[in-house]
Amino acid sequence: MKVSKTETLPVRSGDDVVRVRQRVRTLAVEIGLGLVDQTKIVTAASELARNTLDYGGGGDVRAEIVQAGIRKGLRLTFEDRGPGIADIEQALTDRFTTGRGMGLGLGGAKRLSNEFHIESTPGTGTRVTIARWK
Amino acid sequence: MDRIPILKLGGALIVTIQVDMHDRLALALEEDLTAMIARTGARGVLIEISALEIVDSFIGRMLVSIAAVSRMLDAETVVAGMRPAVAITLVELGLELTGIKTALNVERGMTLIQARLSEDHDRGSDLEGLED
């Protein structure tokens with residue numbers, strides 16, 4: 001898989017979440033995703049950026065345009081150095097929340113993406129990677 | 001601080017969300033709407049979201065919360081103008097807008113609210129009849 005573009009955006013405030021959404025939208029348009037797919041990846045990015053902010057204490061997101069053969073995709077990696085997630089299975093369950101959210105963030109983001117990967121170590125941080133392919 | 005304007009039209013309050021919502025704006029809108037329902041005795045709140053490119057669980061929670069508080073104050077909330085791509089995404093996200101009525105556009109949303117207002121009116125005239 002080839003990475004043709006990489007950029008990193010901070011996720012440290014509510015305004016940053018808005019900026020992440022706008023940037024992801026622009027990149028999704030750039031790789032030619034249709035309107036529904038754009039909306040899905042932007043919504044997933046919004047959920048994950050908010051998780052990074054609310055539960056991870058802030059972090060950043062790396063956005064990459066990737067190419068596998070003739071397929072182009074958008075890959076987003078959210079990383080924080082927060083408390084981490086002890087039970088990932090539980091965190092992926094809808095309605096599970098330790099905060100004031102609705103508990104749809106992780107599971108919802110997974111459903112809205114073609115690829116989803118999560119790594120977390122309690123006390124070290126969390127990294128979530130999603131991708132949406134054209 | 002930025003605020004989203006609220007218009008009063010008869011017994012209804014109308015809000016058009018045209019900006020990318022962030023935390024403070026969402027909280028301010030909820031407070032302003034609640035205060036205005038109490039002050040005007042509005043029976044319906046129409047929230048027009050056709051400009052919103054996405055509705056995530058944060059905005060969904062705000063809408064559900066506004067609807068719940070409005071209901072406490074005897075006003076019904078109608079969300080109008082959701083984009084089709086947003087509707088598809090919301091269903092996949094798993095977000096249910098509990099307690100919120102939806103309408104395809106502002107016109108149909110207002111029809112829902114007007115129906116409630118005329119019910120009130122009918123009930124009001126029944127009571128008057130009883131007093132005679």
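Which handedness does the crossing of α2(A) and α3(B) have? Keep that question open while you load the view. The model is predicted.

**Stop 1: chain A**

Select chain A. Four helices and five strands make up its elements. Step through them from the N terminus and you read β-α-α-β-β-α-α-β-β. Align the view to the principal axes: the C-alpha trace of chain A spans about 40 × 25 × 25 Å. The radius of gyration of chain A is 14 Å, which agrees with a compact globule of 134 residues, because such a globule would have a value near 14 Å.

Now colour chain A by burial. Of its 134 residues, 37% are buried. Switch to a contact map. Among contacts in chain A with a separation of 6 or more, 65% join residues 24 or more positions apart.

**Stop 2: chain B**

Hide chain A and select chain B. Here too, count the elements: four helices and five strands. Along the sequence of chain B the order is β-β-α-β-α-β-α-β-α. Chain B has a radius of gyration of 16 Å, close to the 14 Å from the globule rule for 132 residues, so chain B is as compact as a globular protein of that length. Its C-alpha atoms fill a box of roughly 55 × 30 × 20 Å along the principal axes.

Repeat the burial colouring. In chain B, buried residues are 35% of the 132. On the contact map of chain B, residues 24 or more positions apart supply 79% of the contacts with a separation of 6 or more.

**Stop 3: a helix pair inside chain B**

Stay in chain B. Select helix α1, residues 23-40, and helix α2, residues 57-72. Two packed helices are described by the angle between their axes and the distance between the axes. For α1(B) and α2(B) the angle is about 15° and the axes are 10 Å apart. The two helices are therefore roughly parallel to each other, since angles under 35 degrees count as such. Their crossing is right-handed.

Show side chains next. From α1(B), pick B:Ala26, B:Glu30, B:Leu33, B:Thr34 and B:Ile37. They meet B:Met62, B:Ser65, B:Ile66, B:Val69 and B:Ser70 of α2(B). By class, this contact of α1(B) with α2(B) holds six nonpolar residues, three polar and one charged.

**Stop 4: where the chains touch**

Bring chain A back. How many residues does each chain give to the contact? Chain B gives 17 and chain A gives 23. On the side of chain B that touches chain A, the elements giving two or more residues are α2 and α3 of chain B. The largest share of that side, six residues, comes from α3(B). Colour this side of chain B by class: seven residues are nonpolar, four polar and six charged.

**Stop 5: the helix crossing between chains**

Finish with α2 of chain A, residues 35-54, and α3 of chain B, residues 84-93. Their axes come within 9 Å and cross at roughly 45°. That angle makes α2(A) oblique to α3(B). As for the opening question, the crossing of α2(A) and α3(B) is right-handed.

Select the contact on α2(A): A:Leu35, A:Val36, A:Thr39, A:Lys40 and A:Thr43. Then take the α3(B) side: B:Ala85, B:Val86, B:Ile88, B:Thr89, B:Glu92 and B:Leu93. The contact of α2(A) with α3(B) comprises six nonpolar, three polar and two charged residues.

Technical notes: Residues numbered from 1 in each chain as written. Chains lettered and ligands numbered in written order. Predicted model: local features only at pLDDT ≥ 70, side-chain atom pairs only at ≥ 80, totals over all residues. Axes fitted to C-alpha atoms, helices over the stretch in contact; angles between N-to-C directions. Parallel < 35°, antiparallel > 145°, perpendicular 65-115°, else oblique. Left-handed = near helix turned anticlockwise from the far one by under 90°. Contact = placed C-beta atoms within 7 Å. Nonpolar A, V, L, I, M, F, W, Y, C, P; charged D, E, K, R; others polar. Rg over C-alpha atoms; globule rule 2.2 N^0.38 Å. Buried ≥ 20, exposed ≤ 12 C-beta atoms within 10 Å, placed from the backbone.
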